[in-house]
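Here is a friendly walk through one protein model with a bound molecule. Shall we look at it together?

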Amino acid sequence: MSATGDVVTGEERLLVDGELRPARSSRTFETINPATEEVLGVVADGGADDLDEAIAAARRAFDHTDWSTNVERRVACLRQLQLALVAHGDELRAMTVAETGSPLSLTYSAQLDTPVESLGWVADLAEGYQWESDLGKASPLGIPSHRWVRREATGVVGAITPWNVPHQINLAKLGPALAAGNTVVLKPAPDTPWCATVLGRVIAEETDIPPGVVNIVPSSDHAIGALLAGDPRVDHVSFTGSTATGKRVMVSAADTLKKVFLELGGKSAFVILDDADLRGACATAAFTVCTHAGQGCAITTRLIVPRRQLDEAVESTARVLGKLPAGDPTDPGTICGPLISARQRDRVEGYIRLAGEEGGTIVTGGGRPDGLERGFFVEPTLIVGVANNARVAQEEIFGPVLVVIPHDGDDDAVALANDSLYGLSGSVWSADRDRAIGVANRIRTGTVGINGGLWFSPDMPFGGYKQSGVGRESGVAGFEEYLETKSIAEPA
Ligand code: NAD
């Protein structure tokens, strides 16, 4: 049961070659409700033998069935999956809140409904996609030739995902990978295995997706991810997670030179220019950092404000943060739920202590909320007085923690925003649209919102510059990540 008494049903079994089954070792591990610290249930603890069977099944399905060439079949299966997930909406919503600690309100967008909708978007894209382009005749080296370019699936995709928005990331990989004709082995994060295994059950029981096309292997052991990234039978590894792990994935994949797609961490800037609606902008910055307790890679966590408006910005932001207390994620009004685990809470609290050591002041928050004896909660926290090169201003905290940095004009604001090894997202606020666009264009990140505009949707590419990633998820660019390009010529 969830905290509100909704029935929470998960799925213990992994999915290999169309079969829902326990791990070969029969081992299981627990999945925990981060808001209550209760054990929700258990899940199969996939081992190297399960992974080996999953990769072999994905290889067979790619090499020996028509999955990669039958686009009508794939489109029909993706639409079937979308409808089946919609039909399970209530059950999935309760389970997602219980397992991730995400506020219920977010399941109506990024945590559930938007990713499910995205399956329809990518099915439409595959249906209308130009798989071949005729380049006409030419005479390279004097040989008259008729040429065309063909797009084909990459092969077996190893998908490795984190815990913060599991449906979003699992489906942002599965949808385009399947639409493009690949087969997949999905290794979800150990903190949110049910979000993946329930998907496996729906695929196995309620769709015509053939055996082996999707395999789902949860594991308590991160080494299973490394094995997947390194396996020579896998053609493409699609990873979302921390930058540190992304580098390890790249190393694991290097020996077999497989295609590597990485969506990694961020420390995005929320830039307020001196003509902006300061209060409105600060309120949005406060709200944003509380969303899912700051556990979003693209959440803006550095608030870059005009120096002469610093005090007003801090006061305004702190006031709004104070009105967004961490609380029960099943309450429809909650914005800031718990962190995913005790380990993650320790990490966030460690950064809050570090802020003091780096000369910063905690303006609001910094502790655990009163009255919540259980659950991995921390208060929304505002830090001022640190330089942009302080660790708390440079490293990804992944909690509801906002660091305020003053700027001395637009050029300085751009320089501060770009003074980061990350390049994932950002936000610019100004009363002058051209000025805001000018600054947005100079910020070296994969996404930027202007005056509250939101780029998050299935048709918009999302990804990072610099150490925030390699490649793009979503949109046409995200779909084409899962394709190879073949050039063919015949005598003309
Ligand atoms: P993580 O890097 O610890 O783990 C991510 C996944 O990688 C998990 O499934 C884990 O089991 C697996 N893994 C761990 N070690 C591995 C290895 N050596 N080889 C292969 N796989 C391995 O990340 P997390 O803590 O689960 O998630 C939080 C991080 O994810 C944050 O840094 C956040 O910014 C990032 N993230 C990025 C995006 C994005 O799109 N850019 C989206 C969400 C989360």
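The turns below go from the ligand to a helix and then to two loop residues.

Student: What should I know about the model and its numbering before I start?

Tutor: Residues are numbered from 1 along each chain as its sequence is written. The model is predicted, so local features need pLDDT of at least 70, side-chain atom pairs count only at pLDDT 80 or more, totals for chains, interfaces and linings use all residues, and side-chain values use heavy atoms, with hydrogens and water left out.

Student: How many residues surround the ligand?

Tutor: A residue belongs here if one of its heavy atoms lies within 4 Å of the ligand. The closest include Thr-161, Lys-187 and Glu-396. The shell divides into 15 nonpolar, nine polar (Gly counts here) and four charged residues (Asp, Glu, Lys and Arg). The number surrounding the ligand is 28.

Student: Which helix gives the most to the shell around the ligand?

Tutor: Helices here are DSSP runs of H or I with at least four residues, strands are runs of E with at least two, and both are numbered from the N terminus. At least two shell residues come from each of α7 (223-230), β10 (236-240) and α8 (243-254). With three residues, the one that gives the most is α8.

Student: What share of the ligand's accessible area does the protein cover?

Tutor: Start with the polar contacts, which are pairs of N or O atoms within 3.5 Å. A polar side-chain atom of Glu-396 is 2.5 Å from a ligand oxygen, and for an N or O atom in the side chain of Thr-245 the distance to a ligand oxygen is 2.8 Å. On its own the ligand has 850 Å² of accessible area (Shrake-Rupley method, 1.4 Å probe), and the protein covers 91%.

Student: Why do the buried residues of α13 lie on the same side?

Tutor: In α13 (residues 410-418), Ala-413, Val-414, Leu-416 and Ala-417 are buried (under 20% relative accessible area, 1.4 Å probe, protein chains only). An α-helix has 3.6 residues a turn, so residues three or four places apart point the same way. The buried residues lie on the same side of α13 because their arc, taken from the directions from the helix axis to the C-beta atoms, is only 165 degrees.

Student: Where is Ala-293, and is this residue buried or exposed?

Tutor: Ala-293 has a phi near 55 degrees, a positive value in a residue other than glycine. Its place is in the loop between α9 (278-290) and β13. With a relative accessible area of 1%, Ala-293 is buried.

Student: What is the relative accessible area of Phe-398?

Tutor: Phe-398 lies in the loop between α12 (391-394) and β16. Phi of Phe-398 is positive, near 60 degrees. Phe-398 is buried, and its relative accessible area is 14%.

Key. Buried < 20%, exposed > 50% of the residue type's maximum accessible area, 1.4 Å probe, protein only. Polar contact = N/O pair within 3.5 Å; in protein donor to acceptor, adjacent residues only side chain to side chain.
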